[in-house]
Amino acid sequence: MNGRRVVAISDIPEAEAFILHWGEMGSHWGVNRSVSQVHALLYLSDRPLHAEEICDELGLARSNVSNALKELQGYGIVRRTHVSGDRRDHFLAETDLWDMLMKIVIERKKREIDPTIMVLSDLAAQLEGREDVPAHIRERIGRMHDFMGTLANWYDDIRRLPRSTLIALMKLGGKVARFVPTRNQTGN
C-alpha cells in the first residue's frame, strides 16, 4: 500500500477504547452498537476502508457491517468511495464535527420529530370541539402539539444561521439569556 505500513486502528488502545465507548454511547442514543462502532472506526481512519477491513478490525459479521454502512449512509455521515485499482466499495466518515452534528440532527428530526408533529396535529384536529373527551386530554395534546411545533420552528430558524454564529451562541451558553427580554413565566 504505497510503501507505508498500515497500523490496525484496533491495535491502538486509545482508539479501541474510543470505538468501544462510541458503541456503548450509541446504544444510549438509540443507535445499534455495531452501527456506532463502524462509525467510530471510519471516523478514526485516515483512509477509506472496505467492508472486509471493517469486519476484521471490529470482529463483526459481514451482515452487521453492511447494515451499519447503510444506516450511516442514510444519515449522511458516511459515504461510499472508490479506490484506484480496487473494485470493492470503500467508505469514509464525515470528519468535520459540525457537519456531522448537523447531518445527524437533520435526520433525527426527519425520523422522530416530524412524524410526531403530524400525529399530534391529526389528534388535536380530531379532538377539537369533542365534548366526550375530558378537557385536560384535549388541552394536553394541543399543548404538546404547539410545543413540538415551536421546537421544530426554532430548530429550522437556528439551522439557517451561519456556522460562525451558531458556534458563538454555543460558546455563550447560558450567558445568551442576558440578551433576551423575559417575563415571569411558569414554564408552560
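Helices are DSSP runs of H or I with at least four residues, numbered from the N terminus. In the predicted model analysed here, Lys109 falls within one such run, helix 5, which spans residues 97-127. Lys109 is buried, because its relative accessibility is 13% and the limit for burial is under 20%. With residues up to four places away in sequence set aside, Lys109 touches Asp114, Pro115, Ala152, Tyr155 and Asp156.

Helix 5 also packs against helix 4, which covers residues 62-75. The two axes lie 8 Å apart and make an angle of about 95°. Helix 4 is therefore roughly perpendicular to helix 5, since angles from 65 to 115 degrees fall in that class. On the helix 4 side, the contact is made by Glu71, Gly74 and Tyr75. Helix 5 contributes Lys103, Ile104, Glu107, Arg108 and Arg111. Two of these residues, Tyr75 and Arg111, also form a charge-over-ring arrangement. Arg111 lies over the face of Tyr75, at 4.2 Å from the ring centre.

Helix 4 has a further packing partner in helix 2. Here the angle is about 75° and the axes are 9 Å apart. Helix 2 and helix 4 are thus also described as roughly perpendicular to each other. Helix 2 brings Ser34, Val35, Val38, His39 and Leu42 to the contact. These residues meet Asn64, Ala68, Leu69, Glu71 and Leu72 of helix 4. Glu71 is listed in the contact with helix 2 and in the contact with helix 5.

Ser36 lies in helix 2 as well. Ser36 has a relative accessible area of 5%, so it is classed as buried. Outside its neighbours within four places in sequence, Ser36 is in contact with Trp22, Gly23, Gly26 and Val31.

Trp22, one of these contacts of Ser36, takes part in the aromatic pairing. Three aromatic pairs were counted in the model. In one of them, the ring centres of Phe18 and Trp22 are 5.5 Å apart and the planes meet at 20°. The pair is stacked because this angle is under 30 degrees. Both residues belong to helix 1, which runs over residues 13-28. Phe18 and Trp22 are four residues apart there, about one turn of the helix. Trp22 pairs with Trp29 too, and this pair is edge-to-face. The separation of Trp22 and Trp29 is 5.2 Å centre to centre, with 80° between the planes. Ring pairs join Phe18, Trp22, Trp29 and Tyr43 into a cluster.

Accessibility was computed for three members of this cluster. Phe18 has a relative accessibility of 27% and counts as partly exposed. The value for Trp22 is 24%, which again places Trp22 in the partly exposed class. Trp29 reaches 40% and is likewise partly exposed.

Leu20 is another residue of helix 1. At 48% relative accessibility, Leu20 is partly exposed, because the exposed class begins over 50%. Leu20 and Thr95 are 75 residues apart in sequence. Their C-alpha atoms are 18 Å apart in space.

The strands form an open sheet of three, in the order 1-3-2, with antiparallel pairing. Strand 1 (49-50) and strand 2 (78-83) are the edge strands, and each pairs on one side only. Strand 3 comprises residues 86-93 and is joined to strand 1 by two bridges. Strand 1 and strand 3 run antiparallel. His50 stands opposite His90 of strand 3. Helix 2, residues 33-44, packs on this sheet and touches strand 1, strand 2 and strand 3. The direction of helix 2 makes about 95° with that of strand 3.

Strand 2 and strand 3 are connected by six bridges and also run antiparallel. Within this pairing, Arg80 has Phe91 of strand 3 as its bridge partner. The two strands form a hairpin, with two residues between them. Gly85 sits in the turn and has a positive phi of about 85°.

Technical notes. Residues numbered from 1 in each chain as written. Predicted model: local features only at pLDDT ≥ 70, side-chain atom pairs only at ≥ 80, totals over all residues. Heavy atoms only, no water. Phe/Tyr/Trp six-rings, centres within 6.5 Å; stacked < 30°, edge-to-face > 60°. Buried < 20%, exposed > 50% of the residue type's maximum accessible area, 1.4 Å probe, protein only. Lys NZ or Arg CZ within 6 Å of the ring centre and 35° of its normal. Pairing = 2+ DSSP bridges. Contact = heavy atoms within 4.5 Å. Axes fitted to C-alpha atoms, helices over the stretch in contact; angles between N-to-C directions. Parallel < 35°, antiparallel > 145°, perpendicular 65-115°, else oblique.
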